[in-house]
Amino acid sequence: MGKGYENQAIQKIVRSVLSWNLKLLPSGDKLVGMELRLKEMASLISTISNDTRLIGIYGIDGIGKTTLAKAVYNLIVHQFDGACFLLDSDKKDLLELQKQLLRDILGKDTSTIRNIDVAIKQVPQIKKVLIVVDDVCDLRLIEVMVKASVGIGSTIIVTTSDKHLHFLEVDLMYEVKELNRKEATQLFSLHAFGMNSPPKGFISLSRCMVDYCKGIPVALEVLGALLFRKEKSEWECMLQMLEKRPNMQIQNVLMRGFHRLDDHDKAIFLDVACFFKGHNEDFVKGILYACGFFAAVGIRVLAERSLISILNKKLLMHDLIQRASWEIVRREHPHEPGKRSRLWDPEDVYHVLTTNTGTENIEGIFLDTSVSKEIHLSTEAFKKMKRLRLLRVYQNLKNNSLISNTIHLPRDFEFPSCKLRYLHWDAWTLESLPSNFDCGQLVELNLKHSNIKQLWEGYKDLECLKVIDLSNSQHLVECPNLSGAPHVKRLILDSCTSLLKVHPSITKLEGLTILCMKNCRMLHHFPSISELESLELLNLSGCIKLDKFPEIQGHMKYLLELNLEGIAIEELPSSVVFLPSLVLLDMKNCKNLMSFPSNICSLKSLETLVLSGCSKLERFPEIMEVMGSLQKLLLDGTSIKELPLSIFNLNSLQILNLTKCKNLGSLPNSICSLKSLETLLVSGCSKLSKLPENLGRLQFLRNLQADGTAITQPPPSLVNLRNLKELSFKGCKGSTFYSCIPSVLIGSLLRGNSDGTGLQ
């Protein structure tokens, strides 16, 4: 048959399309929550003005993408001259899909057409075509479909768990969400009872089933059908079984996306599912990168395949997908947990550690000791775990306090694995790490609430170590020698209440960004920090014996926060000006502080300065240059007698707190130049007898509190404060509120707020 004859045959088929009767798809009689989703889809589709529309419906497997696509198809198919629904496209090759496309759209047998590309080119003669491609994995398929339907007004709808579709310039991406509780209960009841809600006697059991399914339609349908006409005892048995292992029919649907991953991404996914759900994305990437994974790429792939989601930098995963992932690991060795790759279930961990049945298969162990039985470990417990890379023994702490100590270590305990990348062990019972501790690939060491007195002796080669957290280790006497760990970025020693000194090697950590030593109450000396070039946060608050802050030699251009609350220093060195990026300086309750550097105005980035409770501070320095970033100045509880006239240089100040400054006798008129000031607090300033006459110039002032002052008459300009929301003069000496403030002033303020709301 010649090419010309073939083209004539195609033309004849195409001309017959307009008279073809388009059929609706069967969509079932148990559709729940579809009306709202259809309205949302229809509304979004109507906003697309392109000649050819490409629409993506995406979400996790089993969420109801295909059901929604069928409903949309049936809703709009009458608007088109030809239509095709390619179901389960991932199970068919491209040629088979192309043939089905032509059969459905042209309405004739295509067996005589040998050249599919020629046939595809004939389709645009149809005015409008609707094509739905279900369960797309290969994006090349969509490119073919786009070529096939270039007719004006044509629409292609794609269902997928892969968000990669945005690379094809999709006009609309619609995410299918979980059913809400009401919808989920209705769908489950339709399958379990043949009615919209559970009958009496099954309400509680149904609620448990719906809670388990977490809004996933396929789970609600499968479990509902399995429990149809079953006795209560079988329901209870099913619930108990589901707690141990998922239903395989549901498992197979939820894990379709997992089985399409390569081995690298599968390993990352299982680590997230077993260990890192809910953890910070950057933290997880750092640990996985140390394990040899390309974590940034892998996590992006998992998110694009809808296997995980990322919200506020947290890695999230649907509960049923996590349970399905656990089952994949369990099935590695159903009856021998010591031969699995990952352990997280307290019962499995207890069994392996108490029977010494761990093997080299184990790569990670996470144990929540708050739900575990007491374990007395032997040195043999970890002996065969040669590939262990992740070990976390932890408690879900309440108020940062340890509940109990349930894991006991022998004095001769040893770590067998030199492959450890992450070691987190709350309430470590030994006074030091084992003598054979040689984890050169370790990235994070976390021993909070431990009995550690000395982490290790001498030099340890820990080239990869980036995080050390020994907080609340109340027996720790000295910091470890970190000369063999030059890449440490975070050192947390909060509440190490016996810590006497800081090892000199810490001051050589050029990459250190966070150093926290809060409430190290015995610490009396701190070395120079000038070589900590990368430091961003330094917290020495609560170090009550620390009476001197070291001089800063050279610029520390990255330090953002300096917290010295409650330390014993009498003065802050003038070299503090070498902190050009400092945003927060907190010296609250430094009871011995008597003077403050006169060159404070050089801190151009400073936004918050806290001197609250510095009861010996009598003078705040002149501000000789504009400090355009300072927004909060807290001087409450100090002994200052006056503010400097140059306070007008704080032109961005929003909050000025002078509460209980009992020696403060007056406020300078220059305070009225603080155009950004929103809150002025002078309550408890018992010697303050008047406010500046031009206070009404503070047009953004919203809160003025002057309780317990000696003010007898506020300035008349108060009436000009159009944004004032809170005004208080309670307890002013020799006056009541109403005698202190003229009634005409009150009336004007009550009426005059610029946003129409009243004075409180």
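**Close-up 1: F276, a buried ring.** F276 has a relative accessibility of 0%, so F276 counts as buried (under 20% relative accessible area, with over 50% being exposed and anything in between partly exposed, using a 1.4 Å probe and protein chains only). F275 comes out at 5%, so F275 counts as buried too. Keep in mind that this is a predicted model, where local features need pLDDT of at least 70, side-chain atom pairs count only at pLDDT 80 or more, and totals for chains, interfaces and linings use all residues. Residues are numbered from 1 along each chain as its sequence is written, and side-chain values use heavy atoms, leaving out hydrogens and water.

**Close-up 2: F275 and F276 as a ring pair.** The structure holds 20 aromatic pairs; rings of Phe, Tyr and Trp (its six-membered ring) pair if their centres lie within 6.5 Å. The centres of F275 and F276 sit 6.3 Å apart with the planes at 75°, so this pair is edge-to-face (planes over 60 degrees apart; under 30 is stacked, the rest tilted). Zoom out a little, and F275 and F276 join F283, F366 and Y422 in one aromatic cluster.

**Close-up 3: helices α8 and α10.** Here α8 (residues 203-213) packs with α10 (residues 232-244) at about 25°, their axes 11 Å apart. Axes are lines fitted to C-alpha atoms over the stretch in contact, with angles from 0 to 180 degrees between N-to-C directions; helices are DSSP runs (H or I, at least four residues) numbered from the N terminus. The two helices are therefore roughly parallel (under 35 degrees).

**Close-up 4: who touches whom.** On the α8 side, L205, S206, C208, M209 and Y212 meet K232, W235, E236, M238, L239 and L242 of α10 (heavy atoms within 4.5 Å).

Technical notes:
Parallel < 35°, antiparallel > 145°, perpendicular 65-115°, else oblique.
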